[in-house]
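Here are some short exercises to help you find your way around a new structure. Try each task yourself, then walk through the solution.

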Amino acid sequence: MGSLVFADELPDGVVVADEAGRIIVFNRVAARLTGLDPAEVIGKFVFDVLPLRDAEGRDWWVYADPYHGLPTRTRHPERSLYLADGTEILASVGYVRENRPQGAARCSHAVRRLVISLRGAKQRERLERSRAELVSTVAHELRSPLTSVKGFTATLLNKWGRFTDDQKRVMLETVNADADRVTRLITELLDVSRIESGRMEVHRQLVDVPDRARKIIAGRVAAGDAEDRFRLEVLGGLPETWLDADKIDQILGNLVENAVRHGAGIVTIVVEPARLEGEEGSGEEPAAVAVSVRDQGEGIAPEVAPRVFRQFWRGKPRGGSRRGQHGGGTGLGLYIVKGLVEAHGGTIGVRRAPGGGAEFRFIVPAGTAAV
């Protein structure tokens, strides 16, 4: 009974058969995927309860031969199989074997338990759609700058002498900008890969968060934005913060760019001390820093807010324009920002700014020097 209760807590369907092929565990997820009642299948042969067939209609149990097949086999990797009613499931099988001395009454390495894991095919379909969307997005985003680079370089190579120095400079500046765009896209893809695999590393150093925000603003102004478009507010006594400077720049840069591109009016960055969850009311010094990036645009509807940090999320245009489309472009920027904040042990959210518009606010622990 204890093993069945534990199996019911697992996210995948689990079916366990004993050495004779009779089912001894059939958890709730397996029941939901197959439509069978666990109470009715316990004690029955697994081959009869789960008549698994492959895409060609062959009986999977016959050619897998789990109880009499290779004695060294430990598992069957996950694959698509079909139940009697045609329902597709993803099944993997593991073997629990017993080692008996050669010459014993029973052969060595006999199967003691057969453990079958079941998952719905819809989960795989969602993953495949996500991957296909990533490929499509990357291809679309790469095509435009690469076409531009190819066009201008081919033109310069074939007709160099026909252009003035000013014309050549414009073409080369365009090529350089498009090359930067491709580099940024590749960086985004690498960041997504690190976030999904849990390999995002944080290299801590002493970071002056307001100073990093000033540099982000200075960079935007140098690139042509109006200086009066930005405002920086530093509130209270900030704790000493040990963060990854490059990643903080990336977070701030993405949020400010998002506010400039998709918001309106003045973009305000507020840096203030904060307390970690559970520290409210304590007499200790604040152990975190909070940064808010606000704009004065249309904002983000509350019902949409939980979705803005997902991959490929883009807001719908309002009034026939792109204004208000927080998270546009590849749709990866805010997803990456969330991953970078969480890599620091922090949290991020979006809400309506005090004066209207959207406010993206993240809180990161102050951290300590890396040992």
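## Exercise 1: a charged pair

E257 and R261 form a salt bridge, and their closest N and O atoms are 2.4 Å apart. Keep in mind that this model is predicted.

**Task.** Work out how E257 and R261 are placed in helix α9, and sort E257 into buried, exposed or partly exposed.

**Solution.**
- Step 1: check the distance. A salt bridge needs a side-chain nitrogen of Lys or Arg within 4 Å of a carboxyl oxygen of Asp or Glu, and the E257 and R261 pair has 2.4 Å.
- Step 2: look at the helix. Helix α9 covers residues 245-262, and E257 and R261 are four residues apart in it, so about one helical turn separates them.
- Step 3: look at the cover. E257 has a relative accessible area of 28%, so it is partly exposed. R261 has 46%, so it is partly exposed.

In general, side chains of opposite charge can pair when their charged atoms come close.

## Exercise 2: more salt bridges

**Task.** Find the salt bridge partner of E342, then say how many salt bridges there are.

**Solution.**
- Step 1: start at E342. Its side chain meets that of K338 in a salt bridge, at 2.5 Å from N to O.
- Step 2: place the pair. E342 and K338 are four residues apart in helix α10, so about one helical turn lies between them.
- Step 3: check the cover. E342 is partly exposed, at 43% relative accessible area, and K338 is partly exposed too, at 28%.
- Step 4: try another one. D225 forms a salt bridge with R220, with 2.9 Å between the closest N and O atoms; D225 is partly exposed, at 22%.
- Step 5: look for a network. Salt bridges link D54, E56 and R58.
- Step 6: give the total. The count comes to 13 salt bridges.

## Exercise 3: rings that meet

**Task.** Decide whether the pair of F47 and Y67 is stacked, tilted or edge-to-face, and name the residues that form one aromatic cluster with them.

**Solution.**
- Step 1: begin with the total. There are four aromatic pairs.
- Step 2: use the geometry. The ring centres of F47 and Y67 are 6.0 Å apart and the planes are at 80°, so this pair is edge-to-face. The cut-off behind that is an angle over 60 degrees.
- Step 3: place the two residues. F47 is in helix α4 (residues 46-49) and Y67 is in the loop between α5 (60-64) and β3 (75-82), so the pair ties together parts that are 20 residues apart in sequence.
- Step 4: compare the cover. F47 is partly exposed, with a relative accessible area of 29%, whereas Y67 is buried, with 18%.
- Step 5: do the same for F309 and F360. They form an edge-to-face aromatic pair, with 6.0 Å centre to centre and 90° between the planes.
- Step 6: place that pair. F309 is in the loop between β10 (288-294) and α10 (333-343), while F360 is in strand β12 (residues 358-365), so the pair links distant parts of the chain, 51 residues apart. Both F309 and F360 are buried.
- Step 7: name the cluster. F47, W60, W61 and Y67 make up one aromatic cluster.

## Exercise 4: around Y95

**Task.** Find which side chain makes a polar contact with that of Y95, and which residue has its charged end over the ring of Y95.

**Solution.**
- Step 1: locate Y95. It is found in strand β4 (residues 88-98) and is buried, with a relative accessible area of 11%.
- Step 2: list some neighbours. Leaving out residues up to four places away in sequence, Y95 touches several residues, including A64, P66, R73 and V111.
- Step 3: pick out the polar contact. The side chain of H76 is the partner, at 2.8 Å.
- Step 4: look over the ring. The charged end of R97 sits there, 4.9 Å from the ring centre.
- Step 5: find another such case. R58 lies over the face of Y63, 4.8 Å from the ring centre.
- Step 6: link back to Y67. The C-alpha atoms of Y95 and Y67 are separated by 9.4 Å, and the two residues are 28 apart along the chain.

## Exercise 5: the whole chain

**Task.** Say how many helices and strands the protein chain has, and what share of its residues count as buried.

**Solution.**
- Step 1: the chain has ten helices and twelve strands.
- Step 2: 39% of its 371 residues count as buried.
- Step 3: the chain exposes about 20,900 Å², and carbon and sulfur atoms supply 52% of that.

Conventions:
Residues numbered from 1 in each chain as written. Predicted model: local features only at pLDDT ≥ 70, side-chain atom pairs only at ≥ 80, totals over all residues. Heavy atoms only, no water. Phe/Tyr/Trp six-rings, centres within 6.5 Å; stacked < 30°, edge-to-face > 60°. Helix = DSSP H or I, 4+ residues; strand = E, 2+ residues; numbered from the N terminus. Buried < 20%, exposed > 50% of the residue type's maximum accessible area, 1.4 Å probe, protein only. Lys NZ or Arg CZ within 6 Å of the ring centre and 35° of its normal. Contact = heavy atoms within 4.5 Å. Polar contact = N/O pair within 3.5 Å; in protein donor to acceptor, adjacent residues only side chain to side chain. Areas by Shrake-Rupley, 256 points an atom, 1.4 Å probe, with all protein chains shown as cover.
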